[in-house]
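Reader: I am new to this. Please take me through the cysteines and the charged side-chain pairs, one step at a time.

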4 protein chains.
Amino acid sequence: MSYHLTSSSYGKSKVRLTKVVRKTPVHELFEFDVAVELSGDFQPAYTQGNNQNVIATDTIKNTVYVLAKENDFDSAEEFAMILVNHFIKTYQQVTFAQVTITQPSWQRITIDGKPHDHAFTNAGTQLRYVKATQKCSDASCALFGGVRDMLVLKTTASEWADFHTDRYRTLKDTHDRILSTRIDADWLYGWHQINFDVTRDKIINAILQTFATHHSLGVQQTLLVMGEAVLEACHAIDWISFEMPNMHRIPFNLEPFGLKFENDIFVATDEPHGVIKGTVSRTK
Amino acid sequence: MSYHLTSSSYGKSKVRLTKVVRKTPVHELFEFDVAVELSGDFQPAYTQGNNQNVIATDTIKNTVYVLAKENDFDSAEEFAMILVNHFIKTYQQVTFAQVTITQPSWQRITIDGKPHDHAFTNAGTQLRYVKATQKCSDASCALFGGVRDMLVLKTTASEWADFHTDRYRTLKDTHDRILSTRIDADWLYGWHQINFDVTRDKIINAILQTFATHHSLGVQQTLLVMGEAVLEACHAIDWISFEMPNMHRIPFNLEPFGLKFENDIFVATDEPHGVIKGTVSRTK
Amino acid sequence: MSYHLTSSSYGKSKVRLTKVVRKTPVHELFEFDVAVELSGDFQPAYTQGNNQNVIATDTIKNTVYVLAKENDFDSAEEFAMILVNHFIKTYQQVTFAQVTITQPSWQRITIDGKPHDHAFTNAGTQLRYVKATQKCSDASCALFGGVRDMLVLKTTASEWADFHTDRYRTLKDTHDRILSTRIDADWLYGWHQINFDVTRDKIINAILQTFATHHSLGVQQTLLVMGEAVLEACHAIDWISFEMPNMHRIPFNLEPFGLKFENDIFVATDEPHGVIKGTVSRTK
Amino acid sequence: MSYHLTSSSYGKSKVRLTKVVRKTPVHELFEFDVAVELSGDFQPAYTQGNNQNVIATDTIKNTVYVLAKENDFDSAEEFAMILVNHFIKTYQQVTFAQVTITQPSWQRITIDGKPHDHAFTNAGTQLRYVKATQKCSDASCALFGGVRDMLVLKTTASEWADFHTDRYRTLKDTHDRILSTRIDADWLYGWHQINFDVTRDKIINAILQTFATHHSLGVQQTLLVMGEAVLEACHAIDWISFEMPNMHRIPFNLEPFGLKFENDIFVATDEPHGVIKGTVSRTK
């Protein structure tokens, strides 16, 4: 009996790129945190310390910066496709490549109502998330979009009632609770020849509008309704997945102080938290 | 020879309060992370384990929620003053009290151009920061405002040149660099009878406008100019302090790849980073 | 065309349990951070807001504490099996359950060379990681062990040379470098009737011994050799997976200062970092 | 009325140095996270953008690595003194300098009971903390030692009772609770010609021994007793300060499940937490 390598991959993470496009006085700013992961014919590195096929992770890092220089792109989605395609096309030893990018939310500072040419501030905690994957046998990549850490909260129009009861239940029904979550969402782009910024704004907008206006009977229901709204608003998307922690606001017990809880005073807490996941797909 | 207690204090931190004001269908949301710190006649707890003077930190926590229930307020500043005053006035054993509050950046979700009544999303990484301190001999508290983690970046109109040269210097002069920082600022309110939201917006706006439009010869110079702009815009402020890490974007060396750096491709990095501090005061 | 839910799950995360066993003056301490995730017949909650099948995440949280009270166990592995089995056996609407536990490294404080009965301190940054999964059709669970954030560093006996060369490579060969990583490892227990603490110590020990004594030609090679050593030392394990970031120590360029780099002065950095992954399995 | 700079300083943070001393096959490893802060005659940089006196933070960073190369030292304390002295002695424009160092807990991997020559693993979450400060008028620096994030927990021999009662109190007396804290301590070295590793071990040991064996009537009492033990054990120390969050373990309410709480099942939580601070000094 002996041992063998049943799967393997390697790559470079936290490659932090800033690219400034200065074609006009209105500068374009791209700040990407890039991770590249490769699989392929690298077994000799594991079994014999023979590294001749291995593209060093430092080389991978260089490649991210060089391709950012040599290519024009308008979005993280486009740059992810450029990168993943490069690794598949350039190296015959690479059989699978994955590129992920996260991007913070810079927006132009507003001066007298107008966006500034070259000064930016942060527009939110949420991050743009993009993933591209490609096999050596594929003509093109699979392209995923996403968002991370999009915080939302509503102070009413949210219930949690009539759920399963047994020995372990102590929570009472409520017909008016605070609902708050930190949305992570991922989706698959069905087409790649689109304006990704416009498409993305439609998706984010559909999520926020639905969260605000839908009367929620539970995070599960809200998730499905948000997914349907996104697919309705955006035909370039085949499916959307959500992972939504339920960031509880727990009623503070005012009784010992001779006061009445009127849905007004809550303890905000991160631990423990519920997690609700689901994928909504287009029925073909 | 023996030992004695030369200073002491205690309190409760990370008291996370959510308050919803439902007087009209347009709900007001306050989310505060509160810390209370007390000093006073508590030596017997240290020396003998005699706790009779000690207001338990659990009691302090309860007090935050109860006072949030019993009082109307429009800002973290007002709630901090209510809290610190309570601890000084209620407990004769307390000779000094400090209350700090941080508040995340919730804003209303926009639907058809209108802010929603009860649904919110996050408007930025920056936190509102407030501190109130009071001695038992004081009639009122000292009140400090502030901001934490306000991210800004400009792609040009920033230089760093003609600085000290010696054996340890390797950095070259640059007359066009990216300038980015994560601003922490603190200020002292000279008057307490003001609209804190309006005042605060003036301060934040003065910082952002100056950052965007001032041609920077160094973070130090930018700091002073921003401080002057704040004091000019806002007469209720006596002084403002800044702590500004210099979040470097380092030119990527493209030469080995036969490419030319054109102020376009940078490595973003957090470590190491410069830190520039300074306080700008009104000359009386 | 319409939309449907193609996958879903939900649960509770960050359920933080402390259990003290006081059978003798030598107290046993268990501190677990538990996450439970369930799949099954919950579609009506998504499609209609009908929650009658849904075990509230608050109920799940209660269950963790109640089962900790009602059951004896000696390890996180045993408690994970108790929990996952409970959810599968108790609820016919649950078709798949997963329980993950992370556990910090408490060790007894040593007094005069002897471990103390009831006082503990921290023994390292590493966390014990356990996962149990079970389908409703399974008689028993699949049980996985693991470690997170085990930091190791060697100052020599590590090379990185003779790797792929092309336009994007700038890194030179080195035959003596610092190797440091933060090991995450996961393994599958082939048998469940074992002493998990003893087994686990064997695994951790095999990893550390191999890391220290093996002359490394690359992280990939080290990974495979460590996996083989674990499987050799521990017959209860079917396979082991590693994810190992390469936490680079980069030679500091001393030349501008008229000094010579003698493998002595390095810049420690987290960003970017290599990531090497691999699974080593027993050949049957 | 105009404005002026009332205080200022600047420096470099997160300078991460790894130094390996290879004088014998038993390698010495130093990993320091260094921050340098300078004050002095730098006003023209703020007021005019005149940087000629400013030692760039990049230069400060270089200096850390160069002085690590050029000097022998056995501890973070010694290196902090070398650095702070350098900045004061080298630059007449510097009137005050401060150097802080944090150092992770590497220990040698044990093979067959013996510490390995060049392989290390992590020994705990705690960090060594050192600070040196010096004015231009001082012949030598003030030197502070410290520890950060030293986790301790005891399952019994800890009470919290007979504390202040009023309207805001709901917590009941307890005569047997879990006590856990994450100790930050700082001390002033009275002498600089000592073996810092040995001294430090004495201090840490006195803290741990006292925490384990002292019957606690409150964190305040434990703090003072620990401080006295340190000053008793270690004559090179003038005073010691503690900041100790009370990391609560809250009894889980088992009543709804027909079970009895027997000081066995607790909810571990970080938020909110008490904070107890105090400084214990030698009476002269």
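Author: Start with a definition. A disulfide is a pair of cysteine sulfur atoms within 2.5 Å. It is a covalent bond between those two sulfur atoms. Keep in mind that this is a predicted model.

Now apply the cut-off. Over all chains, the structure holds zero disulfides. Take C234(A). Its closest cysteine sulfur belongs to C141(A), and the gap is 17 Å, so the two are too far apart for a bond. C234(A) is buried, because its relative accessibility is 4% and buried means under 20%.

Chain B offers another case. C136(B) is in no disulfide either. The nearest cysteine sulfur is that of C141(B), 14 Å away. C136(B) is partly exposed, at 44% relative accessible area.

Next come the charged pairs. Side chains of opposite charge can pair when their charged atoms come close. A search of the whole structure finds 68 salt bridges over all chains. Here are some of them, one by one.

The side chains of E271(C) and K14(A) form a salt bridge, at 3.7 Å from N to O. E271(C) sits in a loop of chain C, between β11 (265-268) and β12 (273-282). K14(A) sits in strand β1 (residues 3-21) of chain A, so this pair joins two chains. Are these residues buried or partly exposed? E271(C) is partly exposed, at 26% relative accessibility. K14(A) is partly exposed too, at 31%.

Another pair is E31(A) with R249(B). Their closest N and O atoms are 2.6 Å apart. This pair also crosses between chains. E31(A) lies in strand β2 (residues 28-40) of chain A. R249(B) lies in strand β10 (residues 249-251) of chain B. E31(A) is buried, with 7% relative accessible area. R249(B) is buried as well, at 12% relative accessibility.

Now look within chain B. R169(B) forms a salt bridge with D173(B). The closest N and O atoms are 2.8 Å apart. R169(B) is buried, with a relative accessible area of 17%. D173(B) is partly exposed, at 34%.

Salt bridges can also link up by sharing partners. Here they join K14(A), R16(A), D33(A), D270(B) and E271(C) into one network. You have already met K14(A) and E271(C) as a pair.

Definitions and conventions:
Residues numbered from 1 in each chain as written. Chains lettered and ligands numbered in written order. Predicted model: local features only at pLDDT ≥ 70, side-chain atom pairs only at ≥ 80, totals over all residues. Heavy atoms only, no water. Buried < 20%, exposed > 50% of the residue type's maximum accessible area, 1.4 Å probe, protein only. Salt bridge = Lys/Arg side-chain N within 4 Å of Asp/Glu carboxyl O. Helix = DSSP H or I, 4+ residues; strand = E, 2+ residues; numbered from the N terminus.
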